[in-house]
Amino acid sequence: MAVSTSDIASPAQPGAFTTSSSSSRSILTHSIPEDEEAFSGFDIYDSYRRILCDPQISAPLAAILSLTELVEQSDAGTMFELVKALNDGAEALKKRVHNPIGLNAGSELFIAFVTLFPHESASFSELRTELVRQGQTYATEALQFRPKIADLALDFIKDDSVILTHSYSRVVMQALLHAHQRKRISVYVTEARPRGLGIKTYESLTAAGIPCTVVLDSAVAYVMDQVDFVLVGSEAVVESGGLINAVGSNQMAIIAKAENKPFYALAESYKFHRLFPLSQYDLPTHTPGILSFTQPPLRPAPELVARPSVSPETQPVLKSSISASSAMAGLLPPAPVQRTMTAEQISRNPDVDYTRPDLISLVFSDVGILTPEGVSQYLVGMFAG
Amino acid sequence: MTKAERRELQERQRAAKATGKTAAPPPPVNAKPGASRPSQPPTPASPAPKRGSQARGTAPAGATTGKGAKDAKSVAEDAVVRSRGLRIFSHFALQRTVAHAKGDVHPAIVHLGLMFAEFKVSGANARCIATLSVFKQVIQDYTTPTHNTLTRHLNTHLSVQISHLVSARPMAVTMGSAIRQLKLEISGSDIDLPEQDAKDALCHKIDNYIRDRIIIADQVIQETATKKIHDGDVILTYARSSVVENVLLEAWEEGTRFSVYVVDSRPMLEGKRLLSVLVAASIPCTYLLLPALGSVITEISTVFVGAHSIHSNGAVYSRAGTALVAMMAKQHSVPVVVCCETYKFSEGVQLDSFTKNELAPNGDLFSSFPLTRPRGSLTLQNQTNLEILNPLYDLTPPSSITAVVTEVGVIPPDSISSIPLALGRQV
């Protein structure tokens with residue numbers, strides 16, 4: 001933890017951090033287009049990516065930290081200019097990140113904080129350094145949220161519990177590892193196609209000595225009866241009290257509801273996001289390509305196939321190849337057919353889905369254990385005041 | 001039973017009613033010997049069940065003796081029961097002709113009262129704005145009587161105006177919260193201010209209220225709600241809400257391409273007005289009446305409705321029929337979005353639409369009926385055994401509402417109460 005915080009707390013000089021980033025993370029900086037950097041001298045996306053490399057930092061926190069760096073770098077002379085620069089920076093980040101939901105939650109929080117920050121400092125530059133300090137302090141404190149949530153969740157994990165979790169989530173891992181120290185637990189984790197992050201969870205849990213089994217994403221309903229409760233992390237918790245998380249969480253919640261199993265979500269409070277999706281398709285990540293139907297490849301017109309005279313020489317070839325393969329199938333074990341989705345097919349699928357609030361039992365966060373209604377009241381109270 | 005008998009019975013009941021008021025025993029009017037018993041004044045309390053059981057008991061025996069009498073009796077009971085059944089709605093303020101102005105009522109208020117009573121001005125926002133604008137006039141025309149101060153006296157003067165408006169039509173929640181704010185401003189205004197200055201300051205405050213809480217709020221709601229309309233959506237709306245109308249127009253202007261189903265219902269058919277506006281803006285529209293809702297609900301992407309007021313438990317009090325639309329949409333997992341300014345929030349809780357409601361104007365019940373008889377003969381008014389019930393509002397439970405779009409953001413209906421009340425109370 002100490003290492004990571006010192007890593008985040010960006011050095012005082014702007015020059016220092018660019019050199020350090022280019023030296024330590026040369027691969028990343030290499031991928032950043034040069035013209036972007038020339039444009040403002042400070043590239044927020046660059047700093048966002050660099051901060052995100054820390055395994056402890058999640059997207060909202062990285063957004064907060066990169067905006068803090070933006071405040072440090074900006075030459076804004078007034079509050080108005082600063083807020084505008086922040087909004088522009090958040091917008092720029094949003095455009096370049098594939099799935100901006102988590103990031104939006106962080107930028108929203110930071111911008112709201114900056115706008116509401118009491119102006120007591122004598123000069124504006126003083127105020128700016130104060131804002132930077134506050135941002136960094138928050139990020140340092142935010143790293144303590146996960147242990148706190150793990151502690152809260154512990155009371156809900158009974159000895160000998162069987163837990164179902166989805167994909168990989170840092171806060172869920174922390175909660176499970178923390179619970180393992182006190183109680184006997186066993187965990188089912190979904191594979192979470194296509195990224196297969198469930199395997200990562202499996203590896204970490206088995207390494208810690210927790211009995212763990214990977215189940216197929218399609219086997220969630222099958223396994224649900226064996227499970228005491230479901231524990232998932234989240235990308236963002238939205239204003240309806242619902243949850244945005246890696247795709248598959250929604251079906252898990254629906255099945256859990258159908259089987260009357262509690263569905264718990266773990267979320268740090270910086271993941272609370274003022275967004276109100278009315279449906280699955282009302283999310284900022286939704287791109288038109290998702291779920292679109294492919295035009296099936298045009299089959300040969302039936303008359304061409306029916307008339308053997310058109311291509312007499314190709315047909316025997318086809319027939320022989322078919323017979324040969326069927327004969328082979330009887331004798332030899334068939335060659336492993338790779339039936340996996342192509343990258344193009346995967347791209348038609350969503351990364352995240354939205355879980356309705358009525359499917360969620362409780363949300364564990366560092367501000368307490370909340371019902372979904374409680375989350376929305378917390379958010380309304382924080383932003384609508 | 002013959003027609004003559006029925007008419008006779010009605011006459012008798014009418015007579016009984018008339019005499020009942022003067023508390024004199026009713027003389028048997030034109031009584032046939034067999035029908036003497038039902039001609040007793042229909043006292044609504046205890047005799048009804050007794051007579052009922054009696055009638056049932058004698059039914060097989062008296063089959064031959066007095067068929068006509070028995071029929072008349074049951075009809076009488078029927079009428080009693082039915083009229084009693086409807087009488088439970090008597091607390092819905094009935095359509096009243098505006099009582100002649102009592103006390104010092106400003107002519108503009110009298111005019112406004114007539115507009116309200118005839119539904120020439122309707123809709124929560126329109127009524128609130130109209131009331132506030134007229135109040136500005138009232139305040140300007142007001143002179144403080146000698147030995148009194150504006151801060152103390154203007155409120156009583158306004159109360160007279162308000163009670164006149166209420167006698168025309170029950171007060172809208174929006175008007176209530178605006179008036180509460182205005183009275184607060186009046187009692188808080190500086191006692192040493194010259195009269196004209198104080199009046200100008202109050203008018204300025206009224207203008208600000210209209211601007212901040214209604215006009216700007218509507219703009220913010222429109223901005224937020226248009227983001228919830230996407231290309232290719234099918235939007236359903238019920239009756240007419242000024243906010244929803246503006247949301248749809250703005251979304252169309254921004255280039256989103258969608259179509260609208262306007263659901264409407266008798267007797268007010270307010271949706272027609274919305275429809276004409278939307279069609280004029282060349283938005284593809286479909287118009288249907290409430291009974292047809294079930295056949296189209298599966299095609300809908302989002303339901304947008306307005307509100308008269310919203311209670312602190314999240315229940316939406318809106319035009320009668322909204323609850324039906326919302327529940328049907330909920331049943332089919334269609335999101336229901338209510339557009340509502342925060343000044344429409346009411347602190348009370350209402351559990352059903354029966355405790356407090358209004359009656360809608362009757363309208364023309366035969367407007368689309370195939371007219372085989374001359375319309376003049378098709379009157380339903382003034383029949384003793386008939387009461388037409390058109391509640392104006394109903395209550396949508398929070399469970400059938402997905403989201404409420406307000407000027408402070410999109411919020412779930414359960415969280416209404418957590419919006420800081422300071423918002424409505426800023427002085």
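This is a short walk through two chains, A and B, of a predicted model.

Hi everyone, thanks for coming. Please keep in mind as we go that this is a prediction.

Let me start with chain A as a whole. DSSP runs give 18 helices and 11 strands in chain A. Of the 385 residues in this chain, 37% are buried. If you take the contacts in chain A with a separation of 6 or more, 76% of them are between residues 24 or more positions apart.

Now the domains. The assignment for chain A has domain 1 at 2-142, and domain 2 in two pieces, 145-280 and 349-383. How many residues of domain 1 of chain A are in contact with domain 2 of chain A? There are 14, and they meet 14 residues of domain 2. On the domain 1 side, the elements giving two or more residues are α6 (59-73) and α8 (101-116) of chain A. The largest share there is from α8(A), with eight residues. Sorted by class, that side of domain 1 has eight nonpolar residues, five polar and one charged.

Let's move over to chain B, and to a piece I enjoyed looking at. Strand β2, residues 259-264, and strand β3, residues 285-289, run parallel in chain B and are joined by five bridges. One residue to click on is B:Y261, whose bridge partner in β3(B) is B:T286. Between the two strands the chain passes through helix α10(B), residues 271-280, and this β-α-β crossover is right-handed.

Just ahead in the numbering is helix α9 of chain B, residues 242-253. Its 12 residues reach 16 Å from first C-alpha to last, close to the 16 Å expected at 1.5 Å a residue. Which residues of α9(B) are buried? They are B:V243, B:V244, B:E245, B:V247, B:L248 and B:A251, so do notice the glutamate in that list if you are following on screen. Among the elements that cover them are α8 (195-226), β1 (234-238) and β4 (302-305) of chain B, along with β2 and α10 from the crossover we just saw. After α9(B) comes B:G255, which has a positive phi, near 100°.

Last stop, where the chains meet. The contact takes 16 residues from chain A and 16 from chain B. On the chain B side, strand β11 (residues 409-411) gives the most, with three residues. That side of chain B divides into nine nonpolar, five polar and two charged residues.

That's my tour, and I'm happy to take questions.

Methods: Residues are numbered from 1 along each chain as its sequence is written. Chains are lettered from A and ligands numbered from 1 in the order in which they are written. This is a predicted model: local features need pLDDT of at least 70, side-chain atom pairs count only at pLDDT 80 or more; totals for chains, interfaces and linings use all residues. Two strands pair if DSSP finds at least two bridges between them. Helices (H or I, at least four residues) and strands (E, at least two) are DSSP runs, numbered from the N terminus. A crossover is right-handed if, with the strands pointing away from the viewer, the path from the first strand over the helix to the second runs clockwise. The expected span of a helix is 1.5 Å times one less than its number of residues. A residue is buried if 20 or more other C-beta atoms lie within 10 Å of its own, exposed if 12 or fewer, and partly exposed in between; C-beta atoms are placed from the backbone. Two residues are in contact if their C-beta atoms, placed from the backbone, lie within 7 Å. Ala, Val, Leu, Ile, Met, Phe, Trp, Tyr, Cys and Pro count as nonpolar, Asp, Glu, Lys and Arg as charged, and the others, Gly among them, as polar. Domain bounds come from an automatic or database domain assignment.
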